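Got the viewer open? Switch to cartoon, keep the selection box handy, and follow along.

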Amino acid sequence: MPIKNRISEMHGEITVWRRDFHENPELLYDTHRTSKIVKEKLTSFGCDQVITGLGRTGVVGVIHGRSNSNGKTIGLRADMDALPIKEITNLEYSSKKDGMMHACGHDGHTAMLLGAAKYLSETRNFDGKVVVIFQPAEEGGAGAKEMCEDGLMSDFDISEVYGMHNAPGLPVGQFNIRSGAFFAAADQFTVNIQGKGGHAARPQETIDPTIVGAHILIALQSVASRNTDPLKSLVVSVTSFRTESDSYNVIPQTVQLKGTVRTLSKDVRDMAQEKITQLIKNTGLAFGANVELDYDRGYPVMINSDLETSHMIKAAKNVAGDKNVDDNASQVMGAEDFSYMLEERPGAYIRVGNGNTASLHHPNYDFNDESIPFGTSFWVELTETRLPFL
């Protein structure tokens, strides 16, 4: 059967866990309540080891199969943190914390992996070890990187690692994935422009930083349109333009711009940083303004390795059927810090359908509990097919 019978029986229980996490969101590394509950549940399931403190508040559970003849260990990862967004769903289990909500479905990811951990601890129908990884701070905090730096892969001898995310707009019961670059690198920049302020009626006496900022904003659009191969992907977005003045008759002294750069390859990423730096510097010089650029490289490109992608495709098809698995999904310009884990070990990342719901990071978003049996069954199927018990 596509959905494990035992997991169908657990659906209601996992839903209760998920909704409890939804009511009690926590940001970045402050997942203390969530981490405590995850630890308690993994312990109660009978995991052979439960370790806390990796990546500050991360939790890891180790489950041994009935045998370990191949010596292989695989990692399964879920993220736990929420977002600083005010929820407007009006659900009976809405967030109890003003200005915080699970707007990306990490409550569902955590609950589904817990469900898989319970099932695998009960059955142990595999040969080897599985490490269930519950990670904080995916939403901008690079929790995956910190867990890796704390020895996640080496200490638990993980040979391959897998991740999963829900996908609004993809029907429940369907999966999509692709080999190679899947999610984009996400860099960000801040431009501080120092001009010479003055009276708006005498602009000739000033160095107007708003003019400098406007020219920089427009010039940055040429990086994608005139410096990038049209067959490659680049997004440069200026998302904030602020002056120190809120007056009709004052030319401000300073202006600040902020923005993001999204790329799917190293060469485009390097080129974009170089061109953006040149444009900003030279535009400031042209107008006689002092311009400072802070360019921060964020999450790298998330690249699925070919072999591990094929393993995920096989497991997804076993759960959902061939026609419900798209193995050539479109690339995503959003970023994902699971990319750091994929830099450490071969692995892959898949998306599971969340149905016709609000988009991720929207105040009306909610994880679709009907996807729980599919996601949980997928984790179990992947484990049992990667670590077959003979």
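Select Cys148 and show its side chain: in this predicted model, Cys148 is buried, with a relative accessible area of 11%. Now look for another sulfur around it. The closest cysteine sulfur belongs to Cys104 and sits 19 Å away, too far for a bond.

Next, pick Cys47. It also counts as buried, at 11% relative accessibility. Its closest cysteine sulfur is the one in Cys148, 20 Å off, so a bond is out of reach here too. How many disulfides does a search of the whole structure find? Zero.

Time for the sheet. Colour E10, E12, E8 and E13 in that order, and you have an open sheet of four strands with antiparallel pairing. The edges are strand E10 (234-243) and strand E13 (290-296); each has a single partner strand, so one side of each lacks a neighbour in the sheet. On average, neighbouring strands here are turned by 15° against each other, direction ignored.

Zoom in on E10 and strand E12 (residues 254-263). Nine bridges join this antiparallel pair. For one bridge to click on, take Ser240: its partner in E12 is Lys258.

Now bring in the helices. Select helix H6 (residues 209-227), which packs on the sheet and touches strand E8 (185-194), E10, E12 and E13. The direction of H6 makes about 170° with that of E10.

Last stop: helix H7 (residues 266-287). H7 lies across E8, E10, E12 and E13, and runs at about 165° to E13.

Methods
Residues numbered from 1 in each chain as written. Predicted model: local features only at pLDDT ≥ 70, side-chain atom pairs only at ≥ 80, totals over all residues. Heavy atoms only, no water. Disulfide = S-S within 2.5 Å. Buried < 20%, exposed > 50% of the residue type's maximum accessible area, 1.4 Å probe, protein only. Pairing = 2+ DSSP bridges. Helix = DSSP H or I, 4+ residues; strand = E, 2+ residues; numbered from the N terminus. Axes fitted to C-alpha atoms, helices over the stretch in contact; angles between N-to-C directions. Contact = heavy atoms within 4.5 Å.
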